[in-house]
Amino acid sequence: MQLSSFGEILRFAIRNEQAAERSYRLLADQALVPATRKLMRDLADEEAEHQRRLRALPMGTTLPKPPARSQDQGLYQQLVDVRLAPTATLAEILIAAIKKEERATQLYRNLAQQASDAKLRQLFTQLAEQERGHRQHLEELFLTEVLDEI
């Protein structure tokens, strides 16, 4: 994949956020459990907010630093991929979302490594950090809402 300008990168990132939002909204529409439906809608709304923030960036700007999170526990490495269905449990939804955010983090890190331009490399690195922040937020939810219940 060859992205060579700030605008191309921004459009690429926005398309990724749009795809994630559509996926979460589809799952919300199919969900049978009200709490699952709400979580899917909340995740979709978060992806829409990411799009809004990306669209608001002036060309050539830097992204805001994601909020500080607790130390990375690497939970995503211990979780097994799940396929979501309308009857998905909270744990399954969070696992799928955590894995999705980690894939986005890795994609942007790989693109940063391949970028020859310093500004593009910086933008990819910032996007990776934003996605990592999203993943860590979901991991915190998993730890408090799923594991604490066991």
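This note goes through a predicted model point by point, from the overall fold to single residues.

1. Overall make-up. The secondary structure of this chain consists of five helices and zero strands. Read from the N terminus, the order of elements is α-α-α-α-α. The chain has 150 residues, and 42% of them are buried.

2. Contacts along the chain. Counting contacts with a separation of 6 or more, 70% join residues that are 24 or more positions apart. The helix pairs described next, each involving helix 5, give examples of where parts of the chain meet.

3. Helix 4 with helix 5. Helix 4 covers residues 90-114 and helix 5 covers residues 118-146. Their axes are 8 Å apart, and the packing angle is about 165 degrees. Angles over 145 degrees count as roughly antiparallel, and helix 4 and helix 5 are therefore described as roughly antiparallel to each other. The crossing of this pair is left-handed. The residues of the contact of helix 4 with helix 5 comprise 17 nonpolar, three polar and ten charged.

4. Helix 1 with helix 5. Helix 1, residues 6-30, packs against helix 5 at an angle of about 20 degrees, with the two axes 10 Å apart. Angles under 35 degrees count as roughly parallel, so helix 1 is roughly parallel to helix 5. Here the crossing is right-handed. On the helix 1 side the contact is made by F6, I9, A13 and E17, and on the helix 5 side by L120, L123, F124, L127 and E131. By type, the residues of this contact are seven nonpolar, no polar and two charged.

5. Helix 2 with helix 5. Helix 2 spans residues 34-55. The axes of helix 2 and helix 5 are 13 Å apart, and the angle between them is about 160 degrees. With that angle over the limit of 145 degrees, the two helices are therefore roughly antiparallel. Their crossing is right-handed. From helix 2, the residues L43, E46, H50, R53 and L54 meet L127, Q130, H134, H137 and L138 of helix 5. This contact divides into four nonpolar, four polar and two charged residues.

6. H50. This residue sits in helix 2. Is H50 buried or exposed? Its relative accessible area is 5%, and buried means under 20%, so H50 is buried. Apart from neighbours within four places in sequence, H50 is in contact with E17 and H134. E17 is one of the helix 1 residues in the contact with helix 5, and H134 is among the helix 5 residues that meet helix 2.

7. E101. Helix 4 holds E101. With a relative accessible area of 2%, E101 is buried. Which residues does E101 contact, leaving aside its neighbours within four places in sequence? They are E47, E131, H134, R135 and L138. H134 is also a contact of H50, and E131 takes part in the contact of helix 1 with helix 5.

8. Q136. This residue lies in helix 5. Q136 has a relative accessible area of 5% and is buried. Q136 and E101 are 35 residues apart along the chain, and their C-alpha atoms are separated by 8.9 Å.

9. L111. Helix 4 also contains L111. L111 is counted as buried, at 6% relative accessibility. The C-alpha atoms of L111 and I9 are separated by 9.8 Å, although the two residues are 102 residues apart along the chain. I9 is one of the helix 1 residues in the contact with helix 5.

10. K38. Like H50, which lies in helix 2, K38 is found in helix 2. What does the side chain of K38 make a polar contact with? The partner is the side chain of D42, at 2.8 Å. K38 and A28 are ten residues apart in sequence, and their C-alpha atoms are 7.1 Å apart in space.

Conventions:
Residues numbered from 1 in each chain as written. Predicted model: local features only at pLDDT ≥ 70, side-chain atom pairs only at ≥ 80, totals over all residues. Heavy atoms only, no water. Helix = DSSP H or I, 4+ residues; strand = E, 2+ residues; numbered from the N terminus. Polar contact = N/O pair within 3.5 Å; in protein donor to acceptor, adjacent residues only side chain to side chain. Axes fitted to C-alpha atoms, helices over the stretch in contact; angles between N-to-C directions. Parallel < 35°, antiparallel > 145°, perpendicular 65-115°, else oblique. Left-handed = near helix turned anticlockwise from the far one by under 90°. Nonpolar A, V, L, I, M, F, W, Y, C, P; charged D, E, K, R; others polar. Buried < 20%, exposed > 50% of the residue type's maximum accessible area, 1.4 Å probe, protein only. Contact = heavy atoms within 4.5 Å.
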